[in-house]
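Ready for a few exercises on how protein chains sit together? Have a look at the structure first, then work through each task before reading its solution.

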There are 4 protein chains.
Amino acid sequence: MGSFKGHALPGSFFFLVGLWWTGKYALLHATRRNKNLGSFRLASRATQRRLEVAESCVVILFSVVGILAEQFAANGPRLHLYDSVEKHWAFLMNWQHSTMYLFFGLAATVTVILHTTEGAPVAIDRLMLAVAFFNEGFLFLYHLHGRSALDVHVHQLLLYAIFGVAIVAALEVFQRGNIILELLRCCLTVVQGTWFWQIGFVLYPPGGADWDQKDVGNMMFITMCYSWHLAFSMLIVALLYSATSCGVRFRLKNPPPMEMGLLKPRGREAESEEEI
Amino acid sequence: MGSFKGHALPGSFFFLVGLWWTGKYALLHATRRNKNLGSFRLASRATQRRLEVAESCVVILFSVVGILAEQFAANGPRLHLYDSVEKHWAFLMNWQHSTMYLFFGLAATVTVILHTTEGAPVAIDRLMLAVAFFNEGFLFLYHLHGRSALDVHVHQLLLYAIFGVAIVAALEVFQRGNIILELLRCCLTVVQGTWFWQIGFVLYPPGGADWDQKDVGNMMFITMCYSWHLAFSMLIVALLYSATSCGVRFRLKNPPPMEMGLLKPRGREAESEEEI
Amino acid sequence: MGSFKGHALPGSFFFLVGLWWTGKYALLHATRRNKNLGSFRLASRATQRRLEVAESCVVILFSVVGILAEQFAANGPRLHLYDSVEKHWAFLMNWQHSTMYLFFGLAATVTVILHTTEGAPVAIDRLMLAVAFFNEGFLFLYHLHGRSALDVHVHQLLLYAIFGVAIVAALEVFQRGNIILELLRCCLTVVQGTWFWQIGFVLYPPGGADWDQKDVGNMMFITMCYSWHLAFSMLIVALLYSATSCGVRFRLKNPPPMEMGLLKPRGREAESEEEI
Amino acid sequence: MGSFKGHALPGSFFFLVGLWWTGKYALLHATRRNKNLGSFRLASRATQRRLEVAESCVVILFSVVGILAEQFAANGPRLHLYDSVEKHWAFLMNWQHSTMYLFFGLAATVTVILHTTEGAPVAIDRLMLAVAFFNEGFLFLYHLHGRSALDVHVHQLLLYAIFGVAIVAALEVFQRGNIILELLRCCLTVVQGTWFWQIGFVLYPPGGADWDQKDVGNMMFITMCYSWHLAFSMLIVALLYSATSCGVRFRLKNPPPMEMGLLKPRGREAESEEEI
């Protein structure tokens, strides 16, 4: 994966996940606040549950595709781990990436199970998310032996975002549904996504001219750049949150001409009972 | 900004902000405690909101002026960032300072929006404050490559105050209105202000004779000096808090001869309704 | 203890403790949830107390046996600590291991006292557990002077699990009975157990061929391996928890033909009174 | 203060403070639990307040005596700080110790003010205690430039106890009156006291023969020794707590023949009113 594409791909993924989460939480929060305006259908627990399950299924899909791609792509290990001829571990990078995907897949699988059965407390899904991000950060942390100064520095900055998400998700185990923590998590996920793109541009510049890996000026510029990514992601998340909130409020005040929901009152009653 | 004035300016700013916050919180806390004595006008939410908005507007103003001054002063970058002749980043210091101001400006802008609209939870203002201080500390942290020992040491001590404020502000997201956390934040902001002055005196002594940058005695003296700054700031904050509290209590027990408030009962009623 | 057996023994111990805790908490949680189905006997406080006392007695036994084995085994110190002939401390390893056992023994002793008398708050048992694990981690931390890189690395990874358990146990002082924290603790204890086995295999490979202690590939493989241990332990804990929960629910819905409990109603009443 | 006596003195002080706190909290907790047995006089708020004020006055006294002793003893600085002949800071050690005493004195002064007036929340006393210990740890942290390995190590171990007390005191700001945190604080204070003695014995052995400052064996023994101090202090605190609890309960069940309290019912009523 040591290539521009190898950084742009996860970058795009985390960027989209961050946006999706922002939209989801803005929607849930707005409908919860405007319950008296008749928005209970969107905010009902059954809908939320279906949303979570759908999201998790997509994550599982991506995770499985990612693992298969790492293992069976052109230069992949095809499940070989030890090169017994040269007596050393082979394809360690691919295996590490597979392990990261595995943990995200596990977290999504647990979320599906939690939201379809009733055996265990729901808050475990945030714990699994925290573990998945901690694991990603942990593997990145011991990933940097013997690289150049700038390379190490950009990856260290990435770790702030990764461990940030992990810590926020761990706090959410105790403060579930706190919109501030949720938005902070969205924000840091968007930063992680855009920063992956930045790493790609710095280490594998598509235009050609390589960056001087030891220049202190480059290090300081990159640090400042990270602040700009953070400001940009806060802006994006704030705009998306505001747009969604306004949209929900506008639609609730001006309901669509034919209220589809009225055609199936039974299902809705079942849901609102469940909600109690 | 590598000059005495460049440290005295932010120092004075943070010092005054610390004092202003102390006064504000002492006033709010004292009026909240003495509500039964008829002080509800000061403590009403509308007044608080106006206070927050006014404070934030001043911060936005300072932040914009700061950015413009950094960019367009005598030797400023005038929005140039990359020196394509010598192939290196130019004016990094000015850009870093602009970035710091930008984040304080952002925090203040968000505060204004939060207190004038009703779309999002108010506690986000403390989160933005925490992010602004974290960002300041983060940029300072990677600001010190290749400086002398004493220079690094005085800036590291500054980081304690900066990250201290950031952590306290982050705690306030969950414990909003806790007077102890608020006073601690005031205290650490005052320390940050006076310590900027101290840095100016140590690195750019106005009187002449430079400090020996490698003397262990100087390092140990500076460390102790930091403790004294802390004790001094606690004293200042305590005195200001006591004075304000006593002032409020005294004025409430001896109301002014003509009760101006009685002349406009309508506005007051509106406020007290809002308060409920 | 510098041998394969010396790592396999504590490994097996922690592995079994992790499984035992998982079963215990799954049982308690399942009976608490299904109280209305008539499971109050299992969940009564007296039963819980007996369980805790029994568990602690086993831990005390193991701890005493461990200390005696360290002291009086073939090459043990037999309570000698200072070699006054050669003027240095002798048998430091054995004494360090004895100290670790001592703290686990202390924690268990305190638990027995807390659950049989009523003088002090019960939550102290979690504090003592946290102290015992902190102490274990603390001694390991200063245990690694002058070892080879891989040796230090595998022990550092062990410290994550040890301090993880300590932190979770410390959080439980404030959030007693939180099933998520309890399962996290079980998980990390199982990781600690399996990782002790892994250390044994890496440092004292039973098959022969030693690992290259300085190869970066080995370091990265071991790091990834730690993730796999974590995933494996989460799987084990999840399966055991699910099996126990289902078992309890199944048995409560299909009670045994002869309800033994009905034969001694007095004891049960006493318990349910106590429960109030 | 670089002498055996210079470490034994603060050691004895912290040891006694730890014991005194244990006794105080055991007494308060026992009387609070046995309120229905008629012990309300001991647990009344006025008595507690008087206790706190008395304790703080003693601390202020010690702190003032300590500062005066440091400044005006045989080789003290007599308020001189800068040696303008040799152009370096003089008597830095004495000034650092004075600063430490100053912070403890400040904390005690604030406690007296808080418990005699009513202007500010009482929890500030714990914050000031936390600040005093943080300051002590902070000065010790930058106190160790250019010392030998063993010297640095024993002082680093001391820092665990100091910062431990500071963190626990900071937590008590939010969880005031939590007996577990209080006992943990007592425990760590006792460790700090006994460890000061240990440092005295290691660095200035009264018997003669100096310790080898670079021997790894010595380092590992000292680390283990720290665990033993912790175990010992937990034992002491537990015994003292149990003895006090039992004593209170025994005395309440067997009241003294002449109930002195009955002779002044007015004062008692005033107190119990205040308590409400």
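A polar contact is a pair of N or O atoms within 3.5 Å, and within protein one of them must be able to donate a hydrogen and the other to accept it. Keep in mind that this is a predicted model.

**Exercise 1.** Describe the interface of chain A and chain B.

Solution. Start with the area: about 2,400 Å² is buried between chain A and chain B, and carbon and sulfur atoms give 78% of that. On chain A's side, A:Ile180, A:Met220 and A:Met224 lose the most area to chain B, together 26% of what that side buries. Next, count residues: 29 from chain A meet 27 from chain B. Now for the polar side of things: there are 4 residue pairs in polar contact between the two chains, and 0 salt bridges turn up.

**Exercise 2.** Which element gives the largest share of the side of chain A that touches chain B?

Solution. First list the elements giving two or more residues: α1, α6, α7 and α8 of chain A. Then pick the winner: α8(A), with 16 residues. Sorted by class, this side of chain A has 19 nonpolar, 8 polar and 2 charged residues.

**Exercise 3.** How is chain D related to chain B?

Solution. Turn chain D by 90 degrees with 0.0 Å of shift along the axis, and it superposes on chain B with an RMSD of 0.0 Å. The two copies are therefore related as by a four-fold rotation axis.

**Exercise 4.** Is D:Asp125 buried or exposed?

Solution. Find D:Asp125 in helix α5 of chain D. Its relative accessibility is 4%, and the cut-off for buried is under 20%, so D:Asp125 counts as buried. Leaving aside neighbours within four places in sequence, D:Asp125 is in contact with D:Thr111, D:Leu114, D:His115 and D:Arg176.

Definitions and conventions. Residues are numbered from 1 along each chain as its sequence is written. Chains are lettered from A and ligands numbered from 1 in the order in which they are written. This is a predicted model: local features need pLDDT of at least 70, side-chain atom pairs count only at pLDDT 80 or more; totals for chains, interfaces and linings use all residues. Side-chain values use heavy atoms; hydrogens and water are left out. Helices (H or I, at least four residues) and strands (E, at least two) are DSSP runs, numbered from the N terminus. Buried means under 20% relative accessible area, exposed over 50%, partly exposed in between (1.4 Å probe, protein chains only). Contact means heavy atoms within 4.5 Å. Copies are superposed by least squares on the C-alpha atoms of residues with pLDDT of at least 70 in both. Buried area is the accessible area (1.4 Å probe) that two parts lose on being put together, summed over both. A salt bridge is a side-chain nitrogen of Lys or Arg within 4 Å of a carboxyl oxygen of Asp or Glu. A polar contact is a pair of N or O atoms within 3.5 Å; within protein, one must be able to donate a hydrogen and the other to accept it, and residues adjacent in sequence count only if both atoms are side-chain atoms. Ala, Val, Leu, Ile, Met, Phe, Trp, Tyr, Cys and Pro count as nonpolar, Asp, Glu, Lys and Arg as charged, and the others, Gly among them, as polar.
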